Amino acid sequence: MNNWKMLRSCFLLLCVVIFDQILEVAGQSTSFPVISKGMHHFKIDPTPDFAPARLAPGWIDSSSVSCGISCMQHYADCLSFLYNRTTHLCSPASSVFNKSDPPTSKEGELHYKVTCDYSKGFRLMFSGSAMACLANYQVVWLNYTQAHEACQAKGAVLASVKTFDKLAILRNLVGGNMAWVGADDLAGQGYLVWKLDSSPVANETLESVFSPGEPNNALGLEHCVQYYYVNRMLNDDQCSIRYGYVCEMPLPFYDNIF
Ligand SMILES: [Ca+2]
Ligand SMILES: [Ca+2]
C-alpha cells in the first residue's frame, strides 16, 4: 500500500469512529418521551418522579422489548416495567403512581402501558416479537374501501402485516377465511403503502408475508391487499371484491415496525 492509500484509509477509519461517537451521543441525549423499539404499547415515563408498584426482583433481559414481553407473559397485572439500557436489568411492575419511590438509576427507565380499547372489541395480541391492538376477524363481506371505513368508524384502520410474527397473529384470527388487510397501491401502481402509517411496504415484508409471486397485479387490476385463505399469506387482489376484514387500533406511541 502506498502512502496515499494508507493516508486515505486512516482518514476513512477516523470518519467512521467519529460518526459512531456522534450517533452514540445522539442516542444518549434523546429528549423524552422516547419510544423504545418495538414497544409500541408501552411508553417511557417522561417525568422522573412517577413510581411503579414493583412486582418482583428484576432479571437480566436482552432488550426493553423482550423485557416488556416477559413481564406480560409472567405477570397478569404487568402494567409497567423498569429497564436499564446499560445493565439490561428488567424489573416488572404494575400500576404507576405519582408518589414516592420513583425508579432508581439502577432500575433505569419506567415504561408504562398504553391501553388498547377493549370496550370497542380490541385487545392486545402478540406472537413472537409482534404485538398489536387488534379486533377479531369481522365476518361481514365488504369491499376494501368499505372495510377500511368500517375500521375508521371504530377509530382504527385495516390491520398492517409487516412481519411474519404479525402474520402469525392474523392466521390465528382469520384461519382459513379471506380478509382485507390495510395495504394498497391505489395512489401509485406498484407502490404498496400501509394504511396504518402510510409507510411503504418493505421488500423484506414482500418476501416474508406475501405468497410466492405476489403481489402480481394480475390483469393490471389488483391494487388492494388481502389475507389469502389457501396458504394463509398475503396477495394483491381487486379492491371491489368483498371479503371479511381485520381492524387494528393505531396506538399513540406506535413505532411502526409491525
Ligand atoms: Ca396493483
Ligand atoms: Ca395477486
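Which residue just after H4 takes a positive phi? Gly175 does, with a phi of about 60°. Keep in mind that this is a predicted model, so let us walk through what its coordinates show.

**Overall make-up**

The protein has 5 helices and 16 strands. Of its 258 residues, 35% count as buried. Contacts between residues at least 6 apart in sequence often reach far along the chain: 65% of them join residues at least 24 apart.

**The cores**

In soluble globular proteins, nonpolar side chains tend to be buried together. Here the largest nonpolar core has 39 residues, and Leu134, Trp180, Val181 and Val246 have the most contacts inside it. At least two residues of this core come from each element in the table below.

| Element | Residue range |
|---|---|
| Strand S7 | 122-127 |
| Strand S8 | 130-135 |
| Helix H3 | 144-152 |
| Helix H4 | 164-174 |
| Strand S11 | 179-184 |
| Strand S13 | 224-228 |
| Strand S15 | 243-245 |

S8 gives the most to this core, with 6 residues. Leaving aside residues up to four places away in sequence, Leu134 touches Phe122, Met125, Ala159, Ile169, Leu173, Val246 and Glu248. Another core, of 10 residues, lies apart from the largest one and includes Cys71, Met72, Phe81 and Ala93.

**A look at H4**

The buried residues of H4 are Lys166, Leu167, Ile169, Leu170 and Val174. They lie on the same side of H4 because they cover an arc of only 155° around the axis. Among the elements that cover these buried residues are S7, S8, S11, S13, helix H5 (203-209) and strand S14 (233-237).

Methods. Residues are numbered from 1 along each chain as its sequence is written. Chains are lettered from A and ligands numbered from 1 in the order in which they are written. This is a predicted model: local features need pLDDT of at least 70, side-chain atom pairs count only at pLDDT 80 or more; totals for chains, interfaces and linings use all residues. A nonpolar core is a set of buried Ala, Val, Leu, Ile, Met, Phe, Trp, Tyr and Cys residues joined through C-beta atoms within 7 Å. A residue is buried if 20 or more other C-beta atoms lie within 10 Å of its own, exposed if 12 or fewer, and partly exposed in between; C-beta atoms are placed from the backbone. Helices (H or I, at least four residues) and strands (E, at least two) are DSSP runs, numbered from the N terminus. Two residues are in contact if their C-beta atoms, placed from the backbone, lie within 7 Å. The arc is that of the directions from the helix axis to the C-beta atoms.
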